[in-house]
Amino acid sequence: MTSEPNVDAVVLVGGKGTRLRPLTLSAPKPMLPTAGLPFLQHLLARIGAAGIKHVVLGTSFKAEVFEDYFGDGSSMGLEIDYVTETEPLGTGGGIRNVLPKLRADNVIVFNGDVLGGTDLRAVLDTHRTTEADVTMHLVRVGDPRAFGCVPTDDDGRVTDFLEKTQDPPTDQINAGCYVFRREIIEKIPAGRPVSVEREVFPGLLAEGRRVFGHVDAAYWRDMGTPEDFVRGSADLVRGIAPSPALEGPRGESLVHPGAGIAPGAVLIGGTVVGRGAEIGAGARLDGAVVFDGAVIEAGATVERSIVGFGARIGPRALVRDAVIGDGADVGARCELLRGARVWPGVALPDGGVRFSTDV
């Protein structure tokens, strides 16, 4: 594998992951198990596969967890440095904050909560051939209203930057991956919060700097909500989303060798079962993310839901589109639907929460 000369990678992993609570009370979002590995490991594997060796992680929330797991990066063939924000600095401030650790003239920056499949070498090629100051990875989506919208001209040069607008002029959105020339990062104000979307990019356009888009239709998903987290994990398991970190064939489920699956249990829809988890007889898991040590009792149904570390789902319970915190205990025949969240360690008695009228 040839290396990418003169390119550093920066991954911004400082967010609190509030939309994924209660799972992120104990672990930062980029470290949550996704298709059996910490989410960040999939991105780091893609960075390494593109030939980039030096990575700087910009951390703040539970910063020590990242270094405890990844260390110096040598196990993945990377060199990883860590920079911790003591005060929240925003996206632009977070990039500026890692400047002392950067070595290269060009820096590819990632939001740490995006699951993507784009060809990183192609993004870097666009950056070089256009001689851009900044190259933005843009993806086309069906409904761009919830995202930053980025129109480009016939040459691919960015003409505007529109945060979440109700009448977007284009379906191209900011995919949370950028290539900066180092000197652009040096000009970001230090020591205060700066938004790359609201301050840095509009400022560059106003100055007439060369800002280009690299547009593709590769796999892309913001993993910020439970629904997207579940779907992204399932897409990795089924091979819809690519990841160099996953070996072996893709399929309907991914089960850790140390998990126990009883006869008659059904695991479909990209379900993941973690280390030491136990799945009871006749249980049905469809698009479920079951963390290490969780127990799903006989006859329970778990659909499109996340079951935290060491949690228990009782016999014949129904959990659909829900998040169950670490160590929670959901009693027999309970029904948790439509965005329900059970906090860590909470115990629900048998039949204690129902959506239907029968007992």
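Helices and strands are here DSSP runs, numbered from the N terminus, with at least four residues for a helix and at least two for a strand. The structure described below is a predicted model.

## A surface patch

With that naming in hand, Val 346 can be placed in the loop between strand S27 (341–342) and strand S28 (347–348). Its relative accessible area is 32%, and because buried means under 20% and exposed means over 50%, Val 346 counts as partly exposed. Together with Leu 25 and Trp 343, Val 346 forms a nonpolar patch on the surface, and these residues have about 250 Å² of accessible area together.

## Aromatic pairs

A search of the whole structure finds 7 aromatic pairs. One of them joins Phe 147 and Trp 220 in an edge-to-face arrangement, with 5.5 Å from centre to centre and 75 degrees between the planes. Phe 147 belongs to the loop between strand S8 (134–140) and strand S9 (172–181), whereas Trp 220 belongs to strand S11 (residues 220–222), so this pair ties together parts that are 73 residues apart in sequence. Phe 147 is partly exposed, at 23% relative accessibility, while Trp 220, at 16%, is buried.

In the pair formed by Phe 180 and Phe 201, the ring centres are 6.1 Å apart and the planes lie at 15 degrees, so the pair is stacked. Phe 180 sits in strand S9 and Phe 201 in helix H6 (residues 196–206), so here the pair ties together parts that are 21 residues apart in sequence. Phe 180 is buried, with a relative accessibility of 0%, and Phe 201 is likewise buried, with 2%. Ring pairs also link Phe 180 and Phe 201 with Phe 161 and Tyr 178 into a cluster.

The table collects the two pairs described here.

| Pair | Centre to centre | Angle between planes | Arrangement |
|---|---|---|---|
| Phe 147 and Trp 220 | 5.5 Å | 75 degrees | edge-to-face |
| Phe 180 and Phe 201 | 6.1 Å | 15 degrees | stacked |

## The loop between S8 and S9

Glu 163 is found in the loop between S8 and S9, and at 25% relative accessibility this residue counts as partly exposed. Glu 163 and Ile 173 are 10 residues apart along the chain, and their C-alpha atoms are separated by 9.5 Å.

## Pocket and cavity

The largest pocket holds about 1,200 Å³ of space. Its lining is made up of 42 residues, and those closest to the centre of the pocket are Gly 15, Thr 91, Asn 111, Asp 113 and Glu 197. Several named elements take part in this lining, with at least two residues supplied by each of helix H3 (90–97), S9, H6 and S11. Which element gives the largest share of the lining of the largest pocket? The largest share comes from S9, which supplies 4 residues.

Turning to enclosed space, a search of the whole structure finds 1 cavity of 30 Å³ or more. The volume of the largest cavity is about 110 Å³, and the residues that line this cavity number 16, with Arg 46, Phe 110, Val 114, Gly 116 and Cys 177 lying nearest its centre. Helix H1 (39–49), strand S6 (106–111), strand S7 (114–116) and S9 each contribute at least two residues to the lining of the largest cavity. Strand S9 therefore appears in several parts of this description: S9 holds Phe 180 of the stacked pair, supplies residues to the lining of the largest pocket, and supplies residues to the lining of the largest cavity.

Notes
Residues are numbered from 1 along each chain as its sequence is written. This is a predicted model: local features need pLDDT of at least 70, side-chain atom pairs count only at pLDDT 80 or more; totals for chains, interfaces and linings use all residues. Side-chain values use heavy atoms; hydrogens and water are left out. Patches are made of residues with over 30% relative accessible area and no salt bridge: like charges are joined within 9 Å, nonpolar side chains (Val, Leu, Ile, Met, Phe, Trp, Tyr) within 5 Å. Accessible areas come from the Shrake-Rupley method with a 1.4 Å probe; for residues, only the protein chains shown count as cover. A salt bridge is a side-chain nitrogen of Lys or Arg within 4 Å of a carboxyl oxygen of Asp or Glu. Buried means under 20% relative accessible area, exposed over 50%, partly exposed in between (1.4 Å probe, protein chains only). Rings of Phe, Tyr and Trp (its six-membered ring) pair if their centres lie within 6.5 Å; planes under 30 degrees apart count as stacked, over 60 as edge-to-face and the rest as tilted. On a 1 Å grid over the protein atoms alone, a cavity is a set of points where a 1.4 Å probe fits but cannot get out, and a pocket is an open set with protein on both sides within 12 Å along at least five of seven lines; lining residues have an atom within 4 Å of a point. Grid points are joined across faces, edges and corners, and a volume is the space filled by probe spheres set on the points.
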